[in-house]
Amino acid sequence: MQSALFATVPNVLERGNCVTDEDPRCPIAATGHEDNCTDWSKGPQLRRVDTEGGDLRTLECDVDATWIDINDHMNAQYYGIVVYRAHAAFTDALGLGDEYVRETRFGKVVVQTAMTYEREVRRGARLAVDSTLLGVDAKRLHFFHEVRNLGDQTRVAVSEQLDLHVDLETRRTTPMPPDVLARLTRFAADQRAAGRPEGVGRTIRFPRS
């Protein structure tokens, strides 16, 4: 059952495909590799996964043959592109997408990101991304994206990301409007209630020589 809190997130999601490389919202198409990715960045199909709180499914996508490299698995660059698209869909779901930018002249920028590759992805796989807003304050948003292989139901990668809220006129960080901050704070708390995703805050550890 959809929570009352989730109902406060703008209903801006619908099933959609990227079909032209002129569409700036479609970074995979912009590479010249059109695909049948389904995101929920424009309508009501965005859905929770498993629980009333917790992750939101922000993208499903078949692995294109052109993403397979000499090692016969998906090249690392395409994990990043898949996560980028999921992050864009999640941004829209949170009410911080194009309409927000046009109306307020505020936006957000990525200042830190870390990707961990947990399993290889082979030709013909279908992927999904589940997204969480871990936390938010006046100027910062902390995100976590989990990439899953829908064939064997394994998690294949995670991406942790910090975004800053910015004034696009001054090009400097600025606090979010109070109503936006309050809504996102409640939303993050609702997601956290389902538990903290495994792997948050990982750092690279050097091998001992």
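**Group meeting: a walk outward from His-165**

Okay, let's start with one side chain and its company: beyond the neighbours within four places in sequence, His-165 is in contact with Tyr-100, Phe-106, Gly-107, Lys-108, Lys-139, Arg-172, Thr-173, Thr-174, Pro-175, Met-176 and Pro-177. Before I go on, please keep in mind that this is a predicted model.

So where does His-165 sit? You'll find it in strand 7, which covers residues 154–167. Is His-165 buried or exposed? Its relative accessible area is 1%, and the cut-off for buried is under 20%, so His-165 counts as buried. Two polar partners are worth picking out of that contact list. One is Tyr-100, whose side chain makes a polar contact of 2.7 Å with the side chain of His-165. The other is Thr-174, and here the partner is the backbone: its oxygen lies 2.9 Å from a polar atom of the His-165 side chain.

Now move along to Val-166, also in strand 7. Val-166 is buried too, with a relative accessible area of 7%. Not counting residues up to four places away in sequence, Val-166 touches Arg-105, Phe-106, Gly-107, Lys-108, Val-109, Arg-172, Thr-173 and Thr-174. Take Arg-105 from that list: it is 61 residues from Val-166 along the chain, with the two C-alpha atoms separated by 8.8 Å.

Next up, strand 5, residues 126–136. Why do I call strand 5 largely enclosed by the rest of the structure? Because nine of its eleven residues are buried. What does strand 5 pair with? Take strand 3, residues 56–62, to begin with: the two run antiparallel, with six bridges between them. If you want a place to look, Leu-59 stands opposite Val-129 of strand 5. Then there is strand 6, residues 140–149, also antiparallel to strand 5 and joined to it by nine bridges. Strands 5 and 6 are connected by a hairpin of three residues. On that pairing, Val-136 has Leu-141 in strand 6 as its bridge partner.

Over to the helices. Helix 3 takes in residues 76–93. Its 18 residues should span 26 Å at 1.5 Å a residue, and the end C-alpha atoms are indeed 26 Å apart, so the expectation and the model agree. Helix 3 is mostly covered, with 13 of its 18 residues buried. Just past helix 3 comes Gly-95, with a positive phi of about 80°.

Helix 5, residues 178–192, passes the same sort of check: 15 residues at 1.5 Å each should give 21 Å, and the end C-alpha atoms are 21 Å apart. Which residues of helix 5 are buried? They are Val-180, Arg-183, Leu-184, Phe-187, Ala-188, Asp-190 and Gln-191. These cover an arc of only 155° around the axis, so they are on the same side of helix 5.

A quick detour for the backbone fans. Asp-72 has a positive phi, near 60°, and is not a glycine. Asp-72 is in the loop between strand 3 and helix 3, and at 30% relative accessibility it counts as partly exposed. Gln-153 is another non-glycine with a positive phi, about 60°. Gln-153 belongs to the loop between strand 6 and strand 7. With 58% relative accessibility, and the cut-off for exposed being over 50%, Gln-153 counts as exposed.

Last stop, the nonpolar interior. How many residues are in the largest nonpolar core? There are 19, and those with the most contacts inside it are Val-63, Trp-67, Met-74, Val-121 and Val-147. Strand 3, helix 3, strand 5 and strand 7 are the elements giving two or more residues to this core. Helix 3 gives the most, with six residues.

Let me zoom in on Val-147. Outside its neighbours within four places in sequence, Val-147 is in contact with Val-83, Leu-127, Ala-128, Val-129, Thr-154, Arg-155, Val-156 and Ala-157. There is also a second, separate core of 15 residues, which includes Ala-93, Met-176, Val-180 and Ala-188.

And that takes us back to the start: Met-176, a member of that second core, was on the contact list of His-165. Okay, that's my tour.

Methods
Residues numbered from 1 in each chain as written. Predicted model: local features only at pLDDT ≥ 70, side-chain atom pairs only at ≥ 80, totals over all residues. Heavy atoms only, no water. Helix = DSSP H or I, 4+ residues; strand = E, 2+ residues; numbered from the N terminus. Buried < 20%, exposed > 50% of the residue type's maximum accessible area, 1.4 Å probe, protein only. Polar contact = N/O pair within 3.5 Å; in protein donor to acceptor, adjacent residues only side chain to side chain. Contact = heavy atoms within 4.5 Å. Pairing = 2+ DSSP bridges. Expected span 1.5 Å × (residues − 1). Arc of directions from axis to C-beta. Core = buried A, V, L, I, M, F, W, Y, C linked by side-chain atoms within 4.5 Å.
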